[in-house]
Amino acid sequence: MAAPGENLRINGDRLWDSLMEMAKIGPGVAGGNNRQTLTDEDGDGRALFQRWCEDAGCTMGLDQMGNMFAHRAGADPEALPIYVGSHLDTQPTGGKYDGVLGVLGGLEILRSLNDLGIKTKHPIVVTNFTNEEGTRFAPAMLASGVFIGMHDQDWAYDRVDAEGKRFGDELQRIGWRGDEEVGKRKMHAFFELHIEQGPILEAEGKEIGVVTHGQGLWWLEVTLTGKDAHTGSTPMDMRVNAGLGMARITEAVHRIAMDHQPGAVGAVGQANVYPNSRNVIPGKAVFTIDFRTPDLDKLTAMRSRLEAEAAEIAADLGLGLTIEPVGHFDPVTFDDGCVGAVRDAAERLGYSHMNLISGAGHDACWINRVAPTAMVMCPCVDGLSHNEAEEISKDWATAGTDVLFHAVVETAGIVS
Ligand code: HGY
Ligand code: MN
Ligand code: MN
């Protein structure tokens, strides 16, 4: 006799159609997406998601950070809901699946429960967290960070983008600032489905990643101050070249990560020199370092080593130096019970699977601090993400969402 829900499967075609429909909003220039947080395109994507959720019989909650909560009633209204979700915002040259698969996979679970006429004990809430990417407004996972009390809401509202626009003003402008107090909601558990954004699952031939841990992260914003001068007529020994300092520190970031193998990574992704003119020696450079590793001691050591080397480089070149931490979280260990629900689901469904440490940060990394949390991952082609060529297969999306379905419904309990 099959256990209740043993044969639950989602509708992979419907999920894929929704992913492709959402991908039409905020298209990139090379087949991916540019639907950055709090842009008009983000607003359009939110409106589409809300319409779909309401069509599925949900009521939509919206908090003061723009986090969206599509609520499907459970048999026991007193039971804390199971939350499932991710983010709809993308990188400027993002893919169609990073974050979106986790939000629309959650919606597909509700649509499938409706198709099957299943009532769960606990309510289920599908969530879209604002500004997971942290590309327009640093840091990443900003709104889920406010939700758990890691970031102050007024501090978050004051974060500005490259054009000096404030997060709080942009949220108001696009009309997605809700009234609900942030973080008041209590969760029985939280599950997030996400593409791996790395090469391991595909290389190992596995359909499902059972995510046991997440890497820790430091984002360090470095400002070097030198002196604008003529690139042609200024003798080499008179130069105070902030661009040269940035280049040497960028190389040091790579070398420090390599010196902390296995399992450490480091790069500079965002870099600006000023005045950025062909024939002016840069008098200023501002750039962000991204260090990550699952090992907390290594993470701390990498930051300390960088700060020491950057000071030496700046002194050698006569540059002013400031280093401001603009993002951080310690390595994450997800909840054994929820991770077990994911693993049991993959086993039951017959999907190949392996334990995985998430290389990327996710809203689940913060939510794990306030509720039992786990993640499901599916492979992506060549491990490529944060690139418009990001690609997954419909089968991978379906398998990941089937596993999410079982883990969520097992935890929510089937009543009828
Ligand atoms: O940076 C990250 O890991 C995520 O993509 N925001
Ligand atoms: Mn993501
Ligand atoms: Mn991302």
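The following exchange concerns the metal site and the aromatic contacts of a predicted model.

Trainee: Which protein residues are the donors of the manganese ion (ligand 2)?
Mentor: Along the chain, the donors follow the spacing H-x10-D-x95-H. They lie 2.1 to 2.2 Å from the ion, and both histidines contribute NE2 while the aspartate contributes OD. The donors are therefore within the 2.8 Å cut-off, and they are His87, Asp98 and His194.

Trainee: Which residue coordinates both the manganese ion (ligand 2) and the manganese ion (ligand 3)?
Mentor: The two manganese ions are 3.4 Å apart. The residue in question is a donor of ligand 2 through OD. The residue that coordinates both ions is Asp98.

Trainee: How many residues apart in sequence are the parts that His87 and His194 tie together?
Mentor: His87 lies in the loop between strand 3 (82-86) and helix 3 (100-116), whereas His194 belongs to strand 5 (residues 189-195). As both are donors of the manganese ion (ligand 2), the pair ties together parts of the chain whose separation is 107 residues.

Trainee: Is His194 buried or exposed?
Mentor: A residue counts as buried when its relative accessible area is under 20%. His87 has a value of 0% and is buried. For His194 the relative accessibility is 1%, so this residue is likewise buried.

Trainee: What is the geometry of the aromatic pair formed by Phe69 and Tyr83?
Mentor: The structure holds 8 aromatic pairs. In the pair of Phe69 and Tyr83, the centres are 6.1 Å apart and the planes are at 80 degrees. Planes over 60 degrees apart meet the cut-off for one class, so this pair is edge-to-face.

Trainee: Which elements of the chain does this pair of Phe69 and Tyr83 link?
Mentor: The two residues are 14 residues apart. Phe69 is buried at 0% relative accessible area, and Tyr83 is buried at 2%. The elements linked are strand 2 (residues 68-72), which holds Phe69, and strand 3, which holds Tyr83.

Trainee: What is the angle between the ring planes of Phe129 and Phe147?
Mentor: Phe129 lies in the loop between strand 4 (124-128) and helix 4 (142-147), and Phe147 lies in helix 4, 18 residues apart. Both residues are buried. Their ring centres are 6.2 Å apart, and the pair is edge-to-face because the angle between the planes is 75 degrees.

Trainee: Which residue's charged end sits over the ring of Trp218?
Mentor: In one such contact, the charged end of Lys284 sits over the ring of Tyr274, 5.4 Å from its centre. Over the ring of Trp218, at 4.2 Å from the ring centre, sits the charged end of Arg303.

Conventions. Residues numbered from 1 in each chain as written. Chains lettered and ligands numbered in written order. Predicted model: local features only at pLDDT ≥ 70, side-chain atom pairs only at ≥ 80, totals over all residues. Heavy atoms only, no water. Donors = N, O, S within 2.8 Å, 3.2 Å for Na, K, Ca; no water. Helix = DSSP H or I, 4+ residues; strand = E, 2+ residues; numbered from the N terminus. Buried < 20%, exposed > 50% of the residue type's maximum accessible area, 1.4 Å probe, protein only. Phe/Tyr/Trp six-rings, centres within 6.5 Å; stacked < 30°, edge-to-face > 60°. Lys NZ or Arg CZ within 6 Å of the ring centre and 35° of its normal.
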